[in-house]
Amino acid sequence: MPYSDKILDHYNNPRNVGSFDAKSLNVGTGLVGAPECGDVMKLQILVNPDTGLIEDAKFKTFGCGSAIASSSLATEWLKGKTVDEAMGIKNTQIVEELALPPVKVHCSVLAEDAIKAAIKNYQEKQDAEEPAAEKGEPVAV
Amino acid sequence: MVKTPIYMDNNSTTRVDPRVVEAMLPYFTEKFGNAASRSHPFGWEAETAVEESRDLIANLIGSSGKEIIFTSGATESNNLAIKGVAAMYKKKGNHIISQATEHKAVLDTCKRLERDGFQVTYLPVDKYGQVHAEQIREAMTDKTILVSIMAANNEIGTLQPIGDIGKLCKSKGVLFHTDAVQAVGKIPLDVEAMGIDLLSLTAHKIYGPKGIGALYVRKRDPRVRLEPQIDGGGHERGMRSGTLPVPSIVGLATACDIARREMDLEYEKTFKLRERLRKGIMDRLPESYLNGHPTERLPGNANISFAYVEGEGLMMGIKDVAVSSGSACTSASLEPSYVLRALGVGDELAHSSIRFGLGRFNTEEEVDYVIGHVVHEVNRLREMSPLYEMVQQGIDIKKIEWAAH
């Protein structure tokens, strides 16, 4: 099966590989997939609390070339978006951009799941923080 | 500089040996007769070539030429052997014994027979992929008519103790079929000494052409009878009708003849290359694991799992090296290799496996190139792997509750 040039480019020169401190309040982490299924994606966003913009994104992926390319592309797209805009990223856009073949569509689904999981994690941290700050009570995280 | 791409997938298929091509060529042009034409020299010439071919093939497995039935390949040989025996001996019994890591050509044939009322026992294998004669003895009933166990596995290269199994079957009066596609021409096989009644082989795994195979069918002690699966002109003792493809048959026979004459040298050569590759990779990469038996295996096969790296992803990184993976990322099911699962290799490591199949035309330079390339890519992908990162941080990834997708 020949791969598109874009998949190969992301696979050979993956963007934004790495990790942020998952404990940081401004970082949202999404970990999706399972080793026994052959794909695990960890995707992280770093949000600027003042602007609400995603300033940076990083990923690490265990999976096939298409899974690596999907998560690499996702990190590129996340940068500079608001959290709400990021929620709008659809797996079909990833499929289109990378010209993923039908058997690889699940890689794009996983990337979308990873984005949503990272945002959810970030929002949960903010929600846990705010009322606690208002009430001045310690919060178990 | 090595020439790329490098072919290291010889368990899948092999390049046709130039000597085989040369032997075949006249049978397309000057010697084009139909081997069944008894009335003119064109037919006689073809018939002579076919009969000489039978003998050359028989020599490789210790049988007589008369016991060789030509087929389109091992899939057909396996179908003919198993379905043919089942139909012919169904009054005697309806039980067949096979094992979990057989090729699909055997497993799916057995499954079809199950739908037709036969009972099939699929024996489990040990962690090296071997089944033992004792398991077969225990599984036998008075309804057992056939045991079908492969000689060597296509994915992991594990050799089965077919001599022991043949002896047992003989003593119990049960027919023994072996799918010997991977073993023929690579290791010594003798249908008499090993008590084999039916043996499937194919040309394209031994540097012959695709589309031609054979089934050895024992003629005495006992005389094995088969219900034909293809009806027609009554060729091949009525067991397999169809005009014989003489050029292909000559190709198969030449491939068998070369394999027999050069077996010792070739074994030594491929074994050395395999060990160079295996050690070269595994000594440099911690947490890499050899799948299959450490010693009882095909000389050219190395199936290695690289923890924290997905097999298909790795293949993309070494795309100028043709290998295959037990990862099934390309299949709709997302299930990894059923062979590796049968060994008890975890799904995660099954997804991380690469099969290297060394053969006649591989060189030391190629092996060294592949070692460097694989080591570099595995290290690169591990740096990109969240699983590797977690393990570095001391997290037990087996204890994480992963959401299956």
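**Talking through a predicted two-chain model**

Trainee: Is A:Asp56 buried, partly exposed or exposed?

Mentor: Happy to start there, keeping in mind that this is a predicted model. A:Asp56 has 18 C-beta neighbours inside 10 Å. A buried residue would need 20 or more, and an exposed one 12 or fewer. The count of 18 therefore makes A:Asp56 partly exposed.

Trainee: Which residues does A:Asp56 touch, leaving out those up to four places away in sequence?

Mentor: Let's place it before naming partners. A:Asp56 sits in strand 3 of chain A, residues 54-62. With residues up to four places away in sequence set aside, its contacts are A:Leu46 and A:Lys79.

Trainee: How far is the C-alpha atom of A:Asp56 from that of A:Pro2?

Mentor: Along the chain, A:Asp56 and A:Pro2 are 54 residues apart. In space, their C-alpha atoms are separated by 32 Å.

Trainee: Over to chain B: why do helix 3 and helix 4 of chain B count as roughly parallel or roughly antiparallel?

Mentor: Good one, and the angle settles it. The axes of helix 3 (residues 74-88) and helix 4 (residues 104-115) of chain B come within 9 Å and cross at roughly 30°. Because angles under 35 degrees count that way, helix 3 of chain B is, relative to helix 4 of chain B, roughly parallel.

Trainee: How many nonpolar residues does the contact of helix 3 with helix 4 of chain B have?

Mentor: On the helix 3 side of chain B, the residues include B:Ala74, B:Ile82 and B:Ala86, and among those they meet in helix 4 are B:Val106, B:Cys110 and B:Leu113. Besides 4 polar and 1 charged residues, this contact has a nonpolar count of 7.

Trainee: Which strands stand at the edges of the chain B sheet with order 9-10-13-12?

Mentor: That sheet is open, has 4 strands and pairs them antiparallel. Within it, strand 10 (residues 301-306) and strand 13 (residues 353-357) of chain B pair over 5 bridges. An edge strand has a single partner, so one side is left without a neighbour in the sheet, and in chain B this holds for strand 9 and strand 12.

Trainee: Which helix lies across strand 9, strand 10 and strand 13 of chain B?

Mentor: Look for residues 246-282 of chain B. They run at about 10° to strand 10 of chain B, and they form helix 7.

Trainee: Last one: how many residues of chain B are in contact with chain A?

Mentor: Chain A brings 24 residues to this contact. On the chain B side, helix 8, helix 10 and helix 12 each supply at least two residues. That side has 13 nonpolar, 7 polar and 5 charged residues, and its count is 25.

Note on methods
Residues numbered from 1 in each chain as written. Chains lettered and ligands numbered in written order. Predicted model: local features only at pLDDT ≥ 70, side-chain atom pairs only at ≥ 80, totals over all residues. Contact = placed C-beta atoms within 7 Å. Nonpolar A, V, L, I, M, F, W, Y, C, P; charged D, E, K, R; others polar. Axes fitted to C-alpha atoms, helices over the stretch in contact; angles between N-to-C directions. Parallel < 35°, antiparallel > 145°, perpendicular 65-115°, else oblique. Pairing = 2+ DSSP bridges.
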